[in-house]
Amino acid sequence: MKARYISVPGDNKKHSEDFSYTGLRKGRLVAAVGDWATNLIGGLYIDRETALAFGHSPNTQYSGGSIGAQIARRVVEKSESTGHKLVGEINNALAAKYEELADRGHEELRNFREDPRLCFTGFLAHVTATHDEMTLTSVGDVMIYMNGKRLAGEETKIQRFLNVVRQAYIDATGDINGAYDVIKPIIREQYRWQNGTHPLSCASINGNPMPAKGIVTSTIINMPKKHASLLLFSDGYVTPSDLTIEGLEDMLAYVYRVDPYRCKQFPAVGTLKDDRTALEISLNQNWDALFIE
């Protein structure tokens, strides 16, 4: 079995807020891609666990998004769980980190339940697979494809709404540079709505309880008998027809050639490239060994 990945920080980010993980545990594949958000409320934090994961100085400062992604990765690396139990373990680890950081002077994080805007918020695509079956766990818009078919991951309503608002503002004013300032208050407020009943609410992993319907799980009993290709990728990419890492990169290059300000054919919340992470795995070759390129 072979795996390869790519992970690139966003244009305006010092450290990635995505993560990927691949492991083979006695013939059982565990793979995941996570996509965490920059916390617009709150600041930077010193976190030694995150510094160790990145190989940085212990006093390096990180956004909540970078810390949250690495917390989720550590849980995935150690856990045997899937579905609601796995997401619960990540939420518990996030809540514990807020308390740890609050004890070190970031008192505002004690209010993470009352003000979810403080949270380190993310989405997850998680796969476990054997010769015989595959179990998927999905929260948010990180995509899972196998042999060209989408198995999990869906763009959120709030993402579509923000894209439309920004595009409409630019169409009306021609002001590309000022468009982000128009939607930024909505971006801040969306974190209040997550895991709630607001029309633009979406499920997210942020340390708080989640509605059960926000965690999408499924099991594929009959795995392909011949070669299967698995692809997980974050929303820093636009879905291509060629579902490979090269296809993702080529599609992104095309997007920025034809729509460099991301306000026409390929609308987005901003012009800059976001964090992007993709994990591609070739299955059904050798379930006794995993080679990571």
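Student: What makes the meeting of the side chains of serine 234 and aspartate 18 a polar contact?

Tutor: Happy to start there, with the reminder that this is a predicted model. The two side chains are joined at 3.0 Å, and a polar contact asks for N or O atoms within 3.5 Å, one able to donate a hydrogen and the other to accept it. The value of 3.0 Å is within that limit, so the pair of serine 234 and aspartate 18 qualifies.

Student: How do you know whether serine 234 is buried or exposed?

Tutor: Its relative accessible area is 1%. Buried means under 20%, so serine 234 counts as buried. Serine 234 belongs to the loop between strand S11 (228–233) and helix H6 (245–258).

Student: Which residues does serine 234 contact, leaving aside its neighbours within four places in sequence?

Tutor: Asp18 again, along with Val33, Asp35, Val142, Asp275, Arg276 and Thr277.

Student: Asp275 is in that list. What makes the pair of aspartate 275 and lysine 13 a salt bridge?

Tutor: The closest N and O atoms of aspartate 275 and lysine 13 are 3.4 Å apart. The cut-off is 4 Å between a side-chain nitrogen of Lys or Arg and a carboxyl oxygen of Asp or Glu, so this pair passes. Aspartate 275 sits in the loop between H6 and strand S12 (276–283), while lysine 13 sits in the loop between strand S1 (2–8) and S2, so the salt bridge ties together parts that are 262 residues apart in sequence.

Student: Why is aspartate 275 called buried?

Tutor: Aspartate 275 has 0% relative accessibility, and the term applies under 20%. Lysine 13 also meets glutamate 17 in a salt bridge, with 3.0 Å from N to O. Glutamate 17, at a relative accessible area of 2%, is buried by that cut-off too.

Student: What class of accessibility do arginine 110 and glutamate 99 fall into?

Tutor: Arginine 110 is at 32% and glutamate 99 at 33%. Buried ends at 20% and exposed begins over 50%, so both residues are partly exposed. Their side chains meet in a salt bridge of 3.1 Å, N to O. Arginine 110 is in the loop between H3 and S6 and glutamate 99 is in helix H3, so the link spans 11 residues in sequence. Elsewhere, Asp47, Glu49, Arg74, Lys97, Glu100 and Arg104 form one network, joined by salt bridges that share partners. The whole structure holds 21 salt bridges.

Student: Let's turn to the sheet in the order S2-S3-S6-S7-S10. What makes strand S2 (18–25) and strand S10 (216–220) edge strands?

Tutor: S2 and S10 each pair on one side only. The sheet is open, has 5 strands and is antiparallel in its pairing.

Student: How do you know that strand S7 (residues 134–139) and S10 pair?

Tutor: Pairing takes at least two bridges. S7 and S10 have 5, in the antiparallel sense, so the condition is met. Methionine 134 stands opposite isoleucine 220 in S10.

Student: Why do S1 and strand S13 (residues 291–292) count as paired?

Tutor: They are joined by 2 bridges and run parallel. At least two are required, so this pair meets the requirement. Lysine 2 stands opposite phenylalanine 291 in S13. S1 is also joined to S12, by 7 bridges and in the antiparallel sense, with serine 7 opposite threonine 277.

Student: Which residues touch the most other members of the largest nonpolar core?

Tutor: Leu230 and Leu283, in a core of 65 residues. Helix H3 (residues 83–103) gives the most to this core, namely 8 residues. Another core, of 16 residues, lies apart from it and includes Leu231, Val238, Phe266 and Ala278.

Student: Last one: how do you know which class of accessibility arginine 150 belongs to?

Tutor: Arginine 150 has a relative accessible area of 43%, and the partly exposed class ends at 50%, so partly exposed is the right label. This residue lies in strand S9 (residues 149–152). A polar atom of the arginine 150 side chain lies 2.6 Å from the backbone oxygen of glycine 153.

Definitions and conventions:
Residues are numbered from 1 along each chain as its sequence is written. This is a predicted model: local features need pLDDT of at least 70, side-chain atom pairs count only at pLDDT 80 or more; totals for chains, interfaces and linings use all residues. Side-chain values use heavy atoms; hydrogens and water are left out. A nonpolar core is a set of buried Ala, Val, Leu, Ile, Met, Phe, Trp, Tyr and Cys residues joined through side-chain atoms within 4.5 Å. Buried means under 20% relative accessible area, exposed over 50%, partly exposed in between (1.4 Å probe, protein chains only). Helices (H or I, at least four residues) and strands (E, at least two) are DSSP runs, numbered from the N terminus. Contact means heavy atoms within 4.5 Å.
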